[in-house]
Amino acid sequence: MKSKLEVKDLCYSYHTLEGETQALSNISFNVKEGEFFVIVGPSGCGKSTLLSLLCGLIEPESGTIAIDGVPGKDSHAVMGYMLQRDHLFEWRTIFDNVSLGLEINHRLDEGSRKELDHMLDTYGLLQFRDAKPAQLSGGMRQRAALIRTLALKPDILLLDEPFSALDYQTRLEVCDDISSIIRTQKKTAILITHDLSEAISVADRILVLSSRPGSVKNVIPVPFSDQCIRPLQRRNAPEFTMYFNQIWKELRDHD
Amino acid sequence: MTEPSLSQQEFLAKEKQHRLQVKICRSMVFVLLLAVWELCAQLGIIDSFIFSSPIKIWGCFLKMAEDGTIFFHTGVTLLETLISFFLVVLIGVAAAVALWASRGLSEVLEPYLVMLNSLPKSALAPLLIVWLGNNMKTVIVAAVSVAVFGSILTLHTGFMQTDPDKIRLIRSLGGTKRDILTKVLIPSSIPLIVSNMKVNVGLCLVGVIIGEFLSARAGLGYLIIYASQVFKMDLLVMSIVILCILSTVLYQVIAESEKRFLQKHR
């Protein structure tokens with residue numbers, strides 16, 4: 001399979017009057033089409049910076065990002081970015097929230113409205129179409145946030161610890177829920193997290209970042225047998241503990 | 001609906017009684033104050049020529065209501081207050097948005113705004129009379145100058161505290177600064193703008209009265225100055241009473257619309 005995303009020698013530093021902080025140094029990796037790629041690393045290793053770079057919100061200091069072989073700047077590929085919290089706007093209804101991206105891009109018409117309604121129906125939110133976000137549970141809110149991201153038909157999904165604000169039980173359920181949705185839609189997805197179990201339960205491959213400045217320590221494939229696809233099933237598979245220990249060691253080494 | 005439980009009924013009854021007591025006490029304070037004032041004036045304990053008395057004030061009001069002059073003066077003050085209030089809200093929001101949009105502009109203007117905000121605006125009024133003349137324009141500009149600088153600073157500070165992640169969200173969806181303004185900044189700042197309006201309406205009234213003291217031929221401020229100069233204390237106190245009522249009504253109107261707005265948007 002060809003590379004969907006190619007990152008080469010990416011460097012980024014933050015500048016303040018007090019000095020310069022290098023956040024990322026020489027990051028290189030490839031993500032294949034339809035792959036669920038997970039980036040783990042200690043807190044403060046520049047994970048969120050990396051996603052902002054991939055999303056084009058900030059410019060890299062050096063290095064390149066290419067999508068389908070086209071450099072990031074010239075690419076028309078759409079990046080879907082899901083943030084840590086759902087950030088649904090309290091003053092808008094659920095429908096007006098999920099249509100936000102289309103509204104900004106002036107693509108909200110009869111057809112796209114119908115499509116959104118269909119998505120709301122598929123993900124069990126249609127009855128909350130005209131409700132305010134405050135009436136939804138944490139899991140439903142996160143699902144609405146996913147629909148908002150998917151509505152723009154992104155080529156690549158970027159997920160920035162999208163479950164970290166939820167309580168543990170909801171977190172397991174929503175993680176199961178969302179990753180199944182992404183897998184059935186066959187989207188290329190990049191998830192960043194500091195939760196190893198979460199990483200192993202959803203990933204095809206896991207990239208381990210070192211602490212600041214973030215650099216690639218290793219990329220570890222985590223294949224599971226075919227019947228273990230859903231995250232909750234994976235957590236009970238025998239391979240799970242093995243991968244966990246392997247990545248744990250990787251994170252702890254030479255720190 | 002099922003019948004509420006016994007303890008709930010008891011709680012409701014208690015709460016109702018408490019509210020009733022508060023209401024009775026409130027009215028008592030008012031009646032008592034008027035009664036003591038009137039009695040002292042009648043018995044000659046205080047000089048009613050200087051302190052006036054409730055009955056004389058009421059009489060003065062009836063006389064001026066008959067020929068309509070009091071409504072004219074109240075109307076003038078109300079009109080000036082409303083015009084300056086809308087101008088303050090408009091200028092305040094527009095200027096705060098401009099300062100938010102341009103970091104350079106806000107940094108350049110900050111010291112000037114701080115200075116203008118802390119300057120006692122009554123000092124400007126004589127200058128305004130010379131510039132604009134002895135008319136309503138001066139009163140309105142004086143009122144705007146009292147409220148507008150504080151309003152700009154408060155709104156700008158509020159705007160700058162907009163959740164940066166919500167701005168990131170808009171940008172990740174391909175939005176421009178204009179989208180950030182119309183889809184996040186303004187909607188999320190409505191509660192702030194409304195609560196700022198509550199402060200502004202009071203400040204505008206202060207500004208209008210200052211303006212009328214110095215340069216007007218109509219309005220409650222003019223009546224107060226005129227009455228003190230010719231020693232008509234009934235007229236003076238009555239104007240103050242009407243001013244009390246006016247400021248309370250204006251405040252309540254905004255507070256009520258704030259409540260309705262929040263109900264609709266929660």
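The paragraphs below lead through a predicted model of two chains, A and B, from its confidence scores to single residues.

For the model as a whole the scores are ipTM 0.82 and pTM 0.82. In chain B the mean pLDDT is 91, with 98% of the residues of that chain at 70 or more. Among the elements of chain B, the lowest mean pLDDT, 85, belongs to helix α2 (residues 48-51) of chain B, whereas the highest, 94, belongs to helix α4 (residues 69-101) of chain B. The domain assignment divides chain B into domain 1 (6-46) and domain 2 (56-264), and the C-alpha centres of these two domains of chain B are 33 Å apart.

In chain A, a helix offers a useful starting point. Helix α5 (residues 138-150) of chain A consists of 13 residues, and the distance from its first C-alpha to its last is 18 Å, close to the 18 Å expected at 1.5 Å a residue. This helix, α5(A), is mostly covered, since eleven of its 13 residues are buried; among them are A:M140, A:R141, A:L146, A:I147 and A:L150. The covering of the buried residues of α5(A) includes the strands β6 (79-82) and β7 (156-160) of chain A, together with the helices α2 (94-98), α3 (100-104), α4 (110-122) and α6 (168-184) of chain A.

From the helix one can turn to the nonpolar interior. The largest nonpolar core holds 118 residues, and those with the most contacts inside it are A:V38, A:L158, A:I190 and B:C204. The largest share of this core, 13 residues, is supplied by helix α7 (residues 136-160) of chain B. In soluble globular proteins, nonpolar side chains tend to be buried together. For A:L158, once the neighbours within four places in sequence are left aside, the contacts are A:L51, A:L54, A:C55, A:M79, A:G80, A:Y81, A:M82 and A:I190.

Where the two chains meet, 13 residues of chain A are in contact with 13 residues of chain B. On the side of chain A that touches chain B, the largest share, three residues, comes from α3(A), and the residues of that side comprise nine nonpolar, three polar and one charged.

One residue with contacts in both chains is A:L83, which is placed in the loop between β6 and α2 of chain A. Leaving aside its neighbours within four places in sequence, A:L83 is in contact with A:D160 in its own chain and with B:D165, B:R168 and B:L169 in chain B. Although A:L83 and A:D160 are 77 residues apart along the chain, their C-alpha atoms are separated by 5.1 Å. A:L83 counts as buried because 21 other C-beta atoms lie within 10 Å, where 20 or more are required.

The loop between β6 and α2 of chain A also contains A:H87, whose phi is near 50°, a positive value in a residue other than glycine. Most residues other than glycine have a negative phi. Is A:H87 buried or exposed? A:H87 is buried, because it has 21 C-beta neighbours inside 10 Å. A positive phi, of about 45°, is also found at A:N26, again not a glycine, and this residue belongs to strand β2 (residues 19-32) of chain A. With 14 other C-beta atoms within 10 Å, A:N26 is partly exposed, because that count lies between the limit of 12 or fewer for exposed residues and that of 20 or more for buried ones.

Technical notes: Residues are numbered from 1 along each chain as its sequence is written. Chains are lettered from A and ligands numbered from 1 in the order in which they are written. This is a predicted model: local features need pLDDT of at least 70, side-chain atom pairs count only at pLDDT 80 or more; totals for chains, interfaces and linings use all residues. pLDDT is the predictor's confidence in each residue, from 0 to 100. Helices (H or I, at least four residues) and strands (E, at least two) are DSSP runs, numbered from the N terminus. The expected span of a helix is 1.5 Å times one less than its number of residues. Two residues are in contact if their C-beta atoms, placed from the backbone, lie within 7 Å. Ala, Val, Leu, Ile, Met, Phe, Trp, Tyr, Cys and Pro count as nonpolar, Asp, Glu, Lys and Arg as charged, and the others, Gly among them, as polar. Domain bounds come from an automatic or database domain assignment. A nonpolar core is a set of buried Ala, Val, Leu, Ile, Met, Phe, Trp, Tyr and Cys residues joined through C-beta atoms within 7 Å.
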